[in-house]
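Got your viewer open? Load the structure below and keep the selection box handy, as we'll go stop by stop.

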Amino acid sequence: MTPAIEVRGLRREFRVRQGLFAPPKRVVAVDDVSFAVPAGSVLGVVGESGCGKSTLARLILGLLEPTAGEVAVDGQRLSAMDRRARARLIQPVFQDPFASLNPKRRVRDIVAMPLIAQGDISGAEITRRVAEALERVGLSVDQGTRYPAQLSGGQRQRVAIARALVLRPRIVVCDEPTSALDVSVQAQILNLLAELRRDLGLTYLFISHNLAVVEHIASEVAVMYLGRIVERAESETLFAAPRHPYTRALLASVLTPEPGLGVPDVGLGDIMPDPANIPPGCRFHPRCPVAIARCSTEAPRPATDAAGLVECHLA
Ligand SMILES: Nc1ncnc2c1ncn2[C@@H]1O[C@H](COP(=O)(O)OP(=O)(O)OP(=O)(O)O)[C@@H](O)[C@H]1O
Ligand code: SF4
Ligand SMILES: [Mg+2]
């Protein structure tokens with residue numbers, strides 16, 4: 001079967017200035033990443049802040065051009081699709097619904113925008129589809145007449161989900177969809193996303209720095225470190241028997257959650273990974289508790305087997 005999402009050799013560089021007079025440096029945010037997401041499944045992507053999760057999401061949504069490599073959705077090259085066709089196939093839900101919703105528009109008009117942008121859908125059809133999308137996410141027609149500021153954080157995220165669903169896409173890219181919400185509301189939104197996936201047969205790319213959130217929803221998990229996928233496996237396998245030292249450190253961090261902290265405390269000392277200064281050899285070696293001499297000079301290649309993928313000399 002054609003995968004819902006397929007990326008091959010995907011790479012994205014940025015030029016960044018770290019000081020007013022410093023020469024620009026090259027940051028490789030996504031570095032030669034390849035994977036396929038089967039239709040109807042959920043690929044969870046986890047990793048610390050700055051490892052390239054959102055860059056990967058934006059490349060797959062066509063919001064960023066790759067420096068190299070390719071993205072195909074539903075078997076079609078993203079670069080060969082026009083914007084409207086792409087919008088009918090793949091839609092985003094971002095972290096902060098307040099930033100992604102126009103405060104000057106009513107909820108029903110926000111949800112209608114993707115339909116209006118298609119250009120060939122009648123007013124009556126738009127009204128009907130907006131009502132359908134609001135109902136799907138548990139919002140009333142009355143709430144459709146309000147402005148984003150009049151809603152709670154959870155309700156605003158429901159609006160963003162309704163807007164993502166109104167074109168009936170096959171694929172939804174969720175980038176930290178619950179991270180900006182109160183803990184009590186996070187579970188409601190996660191349950192809603194899981195329910196929508198089941199009822200509508202959607203495929204998700206689901207990004208989170210929180211492994212517990214990903215475990216709840218993902219069929220497969222990819223662990224990112226400084227732009228690379230260092231391990232990928234079925235969710236159950238990854239949580240039961242992590243093979244990469246970084247995955248093990250991330251899993252250990254879930255056992256000591258710091259409420260309100262945006263990034264997990266991975267307990268790997270105070271060397272922070274810097275995408276502008278990627279270490280030679282294995283990029284994880286300065287923090288790796290089990291590194292051997294070879295790790296500081298020779299980069300491990302990804303090894304795949306029936307259980308998935310792992311990129312480590314010791315695996
Ligand atoms: N538009 C941009 N211009 C320059 N550098 C960028 C840009 N977007 C991302 N980067 C850099 O690329 C790297 C990866 O960023 P990205 O936002 O993809 O990480 P992330 O995993 O989503 O992090 P977070 O968990 O904080 O959201 C970072 O070093 C970031 O500074
Ligand atoms: S290759 Fe070496 S440094 Fe990298 S994760 Fe494996 S053991 Fe650690
Ligand atoms: Mg991000």
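Here is a short tour of a few places to click on, and keep in mind that this is a predicted model.

**Stop 1: a strand and its partners.** Start by selecting residues 68-73, which form strand β4. Now add residues 5-16, strand β1: these two strands pair in the antiparallel sense, with 5 bridges between them. To see how they line up, click Val-7 and look across to Val-71 in β4, which stands opposite.

Next, add residues 76-77, strand β5. β4 and β5 also run antiparallel, joined by 2 bridges. Here Val-73 stands opposite Gln-76 in β5. The two strands make a hairpin with 2 residues between them. Click Asp-74 in this hairpin: its phi is positive, near 50°.

**Stop 2: a helix and its neighbours.** Move on to residues 107-118, helix α4. Which of its residues are buried? Select Val-107, Ile-110, Val-111, Ala-112, Pro-114, Leu-115 and Gln-118, and you have them. Now show α2 (83-89), α5 (123-136) and α6 (153-165), the helices that α4's buried residues pack against. Before you leave, click Gly-119, which follows α4 and has a positive phi, near 85°.

**Stop 3: a ligand and its shell.** Finally, select ligand 2 and the 13 residues that surround it. Which ones are closest? Look for Cys-282, Cys-288, Cys-295, Cys-312 and His-313. Try colouring the shell by residue type: you should get 10 nonpolar residues, 3 polar ones and no charged ones. If your viewer can show cavities, turn that on too, as ligand 2 takes up the space of the largest cavity.

Note on methods:
Residues numbered from 1 in each chain as written. Chains lettered and ligands numbered in written order. Predicted model: local features only at pLDDT ≥ 70, side-chain atom pairs only at ≥ 80, totals over all residues. Heavy atoms only, no water. Buried < 20%, exposed > 50% of the residue type's maximum accessible area, 1.4 Å probe, protein only. Helix = DSSP H or I, 4+ residues; strand = E, 2+ residues; numbered from the N terminus. Contact = heavy atoms within 4.5 Å. Near = heavy atom within 4 Å. 1 Å grid on protein atoms, 1.4 Å probe; cavity = no way out; pocket = protein on both sides within 12 Å on 5 of 7 lines; lining within 4 Å. Sits in = over half its atoms within 2 Å of the grid points. Nonpolar A, V, L, I, M, F, W, Y, C, P; charged D, E, K, R; others polar. Pairing = 2+ DSSP bridges.
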